[in-house]
Amino acid sequence: MDYIVINGQKPLNGTVNISGAKNAAVAILPAAIASNGICVIDNLPQIEDVTTLITAMESFGAQCTLTAPDTLVVDARGVNSWTLDDKLAKNMRASYYFMGALLGKFKEAVVPLPGGCDFGSRPIDYHLKGFIALGATCVQEHGAVKIKADKLRGANIYLDCPSVGATINIMIAAVFAEGTTIIENAAKEPHVVDTANFLNKLGAKIGGAGTNTIRITGVSALGGGEYTVIPDPIETGTYMIAAAITGGDVTVENIIPKHMDSVTAKLREMGCAITEGGDWIRIQSDSTLRPCEIKTAYYPGFPTDLQPQMATLLCRANGTSTITENIFEQRFRYIGELKRLGAQLKVEGRMAVTEGDCEFTGTRVIASDLRAGAALVIAGLCAKGETIIGGVHHLDRGYEKFEEKFRTLGADIKRIQRDG
Ligand code: UD1
C-alpha cells in the first residue's frame, strides 16, 4: 500500500551502484535447488522477487542463509517436496524455473501457472514442449502443471522463438538428461549465459550459451560452488534514461557496458554524451533530445524491459518518435497512466507514436507493472510539481532501494508507508 512522492525537475548527478541482475538471480536461485552441494550466491539483488524465491526454496526443504544482504548460502540436500505453493507462484513469473530444476533432479514437479507482470498472454507452451521432448509428461490441472518422467533423455529441441524463459528452463532440466540436448534458436540474453555459467560451476556441461545453439551433455548430479550474479542491465538502463530526461550527469557503476550497447546507441542518437570504462558508463545530457525510432527485439536488440522507460524519454524529444514493441502484444498498457502526467503517445497496433515536446506535470498515478512503474518514476523526475505513484509493490519486485538510489543522485523522492 506504499506510495512514492516525487518533486520533479531536479537534474540527477553523481554515481549509482548497480545491483545484481533480477532476471539472472531469479533463474539461478531455482537452479540451485537442483544441487547436491552447498551453493554460495553473491551479488543477489535485494528485491521482493528474490525474497519470494527464498521462501519458495525453503518450502521445498532447502536451507537458505543470508550471510550478507546480497549473499545467500543454499543447502538443497534436504529438499523433500516438489510441489510449489499457489500463492508463491502467483507472485512472480520466474516461479516457472522450479519446473526445470525439480524435473531435472527429482523427475517430478507440480508448479502452478506463473504470475508476474501482466502484458497480455504469456504462455509457457515452449517450456512444456521442451520437457516433453526430454521424455516428461506434462498435465495441466486446477491451474497447476504436473510434470513427471521416469528418465530424461537428451533431445534436439527447436524453439519457435528465442524465449528466455523456455531456453533457461529446458537447459536446467537437460543438465540431468542422459546424453546430449541441443536447443536451437535459443535466447542469447546475458541472464541465459549467467545461468549456464552458474550451472557449469556446479559441474554441468553446457556449451554455446550466448549463441543461438546451446549444447548440454547430461550429468548425474550437480555439486556446490560459489557464484557472483552479473549486474542488472535493466536497472542500469533505467538510471541512464533517468539521467537523460533530467539533463543530468550520472555514472552507473559495477556494470558490464557491453550489455548496454543497444541502449547506449539510442541515447547517443538522441544527443546524450556517453563515455564508458571497464565497468562503468557515464551519461551526460543537457535535456535537448533528438527523436528516434525504437524497435524492441531479442538480445542484442533493444530490450522490451526498457521500452516503457524509453518511450517516456522520447516524449521529451524535439520531434516525432516511434516505438515498436515486437516481444509482447500488450506492453503499451502503461500509456494511459503516463498520459495523465502529460505524455502524448498514440498507439497503433504494435507501434506507439509521440510528437515529442511533452511537458510532464505531476499528478496521482498507479504503476500497473514493474517497468511501467519505472516509466512513471522517470516521468515524475522531470515533471513540474508533485507526482504521487501508487502500486509501488511492483517496483519493489525488481528494483533494489530505488528511492534511496535516486535520492543519492539528487532526486526529491520519498516513500510514504501506509498500513493495511
Ligand atoms: C523474460 C523476462 C522478462 C522479459 C522477457 C523478454 C524473466 C523472469 N523475465 O520473460 O523480464 O520481458 O523475458 O525479454 O526473465 N512465448 C510463447 N511461449 C512460451 C514462451 C514464450 O509464446 O512458452 C512468447 C511470449 O509470449 C513472448 C515471447 O515468446 O511473446 C518471449 O517471451 P519470453 O522470452 O519467454 O519471456 P519471459 O521468459 O516470460
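At the start of helix α12, a side-chain oxygen of D369 comes to within 3.1 Å of the backbone nitrogen of R371. This is a polar contact, that is, a pair of N or O atoms within 3.5 Å; within protein, one must be able to donate a hydrogen and the other to accept it, and residues adjacent in sequence count only if both atoms are side-chain atoms. The structure is a predicted model, in which local features need pLDDT of at least 70 and side-chain atom pairs count only at pLDDT 80 or more, while totals for chains, interfaces and linings use all residues. Residues are numbered from 1 along each chain as its sequence is written, and side-chain values use heavy atoms, with hydrogens and water left out.

Helix α12 covers residues 370-382. Helices (H or I, at least four residues) and strands (E, at least two) are DSSP runs, numbered from the N terminus. The expected span of a helix is 1.5 Å times one less than its number of residues; for the 13 residues of α12 this gives 18 Å, which agrees with the 19 Å between its end C-alpha atoms. The helix is mostly covered, with 13 of its 13 residues buried. Here buried means under 20% relative accessible area, exposed over 50%, and partly exposed in between (1.4 Å probe, protein chains only).

The ligand offers a second point of interest. It is surrounded by 21 residues, the closest being Y96, D125, S163, D305 and I327; a residue counts as near if one of its heavy atoms lies within 4 Å. An N or O atom in the side chain of Y96 is 2.6 Å from an oxygen atom of the ligand. The backbone takes part as well: an N or O atom of I327 lies 2.6 Å from a ligand oxygen, and one of G165 lies 3.1 Å from a ligand oxygen. Taken alone the ligand exposes 740 Å², of which the protein buries 90%; the areas come from the Shrake-Rupley method with a 1.4 Å probe, and for residues only the protein chains shown count as cover. Two or more residues of the shell come from each of α1 (22-32), α5 (125-133) and α6 (164-174), and α5 gives the most, with three residues. By character, the shell divides into 10 nonpolar, six polar and five charged residues, where Ala, Val, Leu, Ile, Met, Phe, Trp, Tyr, Cys and Pro count as nonpolar, Asp, Glu, Lys and Arg as charged, and the others, Gly among them, as polar.

Across the whole structure, a search finds five aromatic pairs. Rings of Phe, Tyr and Trp (its six-membered ring) pair if their centres lie within 6.5 Å; planes under 30 degrees apart count as stacked, over 60 as edge-to-face and the rest as tilted. The rings of W82 and F106 are stacked, because their centres are 4.9 Å apart and their planes are at 20°. This pair links distant parts of the chain, 24 residues apart: W82 is in the loop between β5 (71-75) and α3 (86-90), and F106 is in helix α4 (residues 97-106). W82 is partly exposed at 27% relative accessibility, and F106 is partly exposed at 22%.

Some loops deserve a look too. D286, in the loop between β16 (280-284) and β17 (293-295), is exposed at 57% relative accessibility, and its side chain reaches the backbone nitrogen of T288 at 2.9 Å. A cis peptide bond joins Y299 and P300, with omega about 10°.
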